[in-house]
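Here's a friendly walk through one protein model. Take a look at the sequence and the structure first, then read on.

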Amino acid sequence: DVNGIQRGWFAKGASTGYSTTFLGAVIDTSSHINAVMFSLSIDELAAMDKRESSYCRAALNANQIQLSNGVAALPIGQYWIYLNPLDSIAFASVQKPIVQSYVDIFIGGCFELEEQYQLSDFAKRCVSSTSEWSSHWVNDRIYPRRAFIHQPKAWHIDHLLNEQLPELFNSISI
């Protein structure tokens, strides 16, 4: 877990055309998120900075990080997180909704990590530690009636969302 960070659906999409509301992160001393830590070389970090250019890379203090996978101590190094600039905060709306294809990438990845590293309830904790879920949420899966063809974890994702966010999940439009 990372203390002092809030993850949520509040990263502003493109200002013109059809876009979405993306996941973002901000400093919030009363919040915490579950997350994944991975090592990068200097060149890989530069590539990540380029990929995440609309976010600001910020240092984390080691005391903000609590390991949950049985590792006794943090590896030696610097710890970074990408945060939203304050002028990039915008909540989901009719024009810029949360889209299921992005939710699938997010939660599908959480399930993959949960399985790969045997992290109990990791995906569930991803949902519960993410704020600003919204009824401005559309299902843009290519074949929503047969989503498993394009999203192998569609059933697991839908089950978790229905369990954790039943009112919002049942209001998603296709």
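## A buried aspartate

Let's start with one residue: Asp104, which sits in helix H2. Keep in mind that this is a predicted model. Is Asp104 buried or exposed? Its relative accessible area is 3%, and anything under 20% counts as buried, so Asp104 is buried.

What does the side chain of Asp104 make a polar contact with? The partner is the side chain of Arg141, at 2.6 Å. If you skip the neighbours within four places in sequence, Asp104 is in contact with Gly109, Gln151 and Ile157 as well as Arg141.

## The sheet beside H2

Now for the strands. Three of them make up an open sheet, ordered E2-E1-E6, with mixed pairing. Strand E2 (22-33) and strand E6 (130-131) are at the edges and have a single partner strand each, so one side of each has no neighbour in the sheet. Helix H2, spanning residues 100-116, packs on this sheet and touches E1, E2 and E6. The direction of H2 makes about 160° with that of E1.

As a bit of background, strands in a sheet pair through backbone hydrogen bonds, and they can do that parallel or antiparallel. Here, strand E1 (residues 2-11) and E2 run antiparallel, joined by 8 bridges. Along that pairing, Val2 stands opposite Ile33 in E2.

## Two nonpolar cores

In soluble globular proteins, nonpolar side chains tend to be buried together. The largest nonpolar core in this model has 22 residues. Which residues have the most contacts inside it? They are Val103, Phe106, Ile107, Trp133, Trp137 and Leu161. At least two core residues come from each of H2, helix H3 (122-128) and helix H4 (154-164), and H2 gives the largest share, with 5 residues.

Ile107 is a good place to zoom in: leaving out residues up to four places away in sequence, it touches Val127, Trp133, Ile157, Leu160 and Leu161. Apart from this core there's another one, made of 10 residues, including Val2, Ile5, Ala25 and Ala58.

## One face of H4

Back to helix H4, whose buried residues are Ala154, Ile157, Leu160 and Leu161. Looking down the axis of H4, you'd find these buried residues within an arc of 135°, so they line one face of the helix.

And what do the buried residues of H4 pack against? Their partners are H2, H3, strand E7 (137-138) and helix H5 (166-169). One of those buried residues, Ile157, is also in contact with Asp104, the residue we started with.

How values were computed:
Residues numbered from 1 in each chain as written. Predicted model: local features only at pLDDT ≥ 70, side-chain atom pairs only at ≥ 80, totals over all residues. Heavy atoms only, no water. Pairing = 2+ DSSP bridges. Helix = DSSP H or I, 4+ residues; strand = E, 2+ residues; numbered from the N terminus. Contact = heavy atoms within 4.5 Å. Axes fitted to C-alpha atoms, helices over the stretch in contact; angles between N-to-C directions. Buried < 20%, exposed > 50% of the residue type's maximum accessible area, 1.4 Å probe, protein only. Polar contact = N/O pair within 3.5 Å; in protein donor to acceptor, adjacent residues only side chain to side chain. Core = buried A, V, L, I, M, F, W, Y, C linked by side-chain atoms within 4.5 Å. Arc of directions from axis to C-beta.
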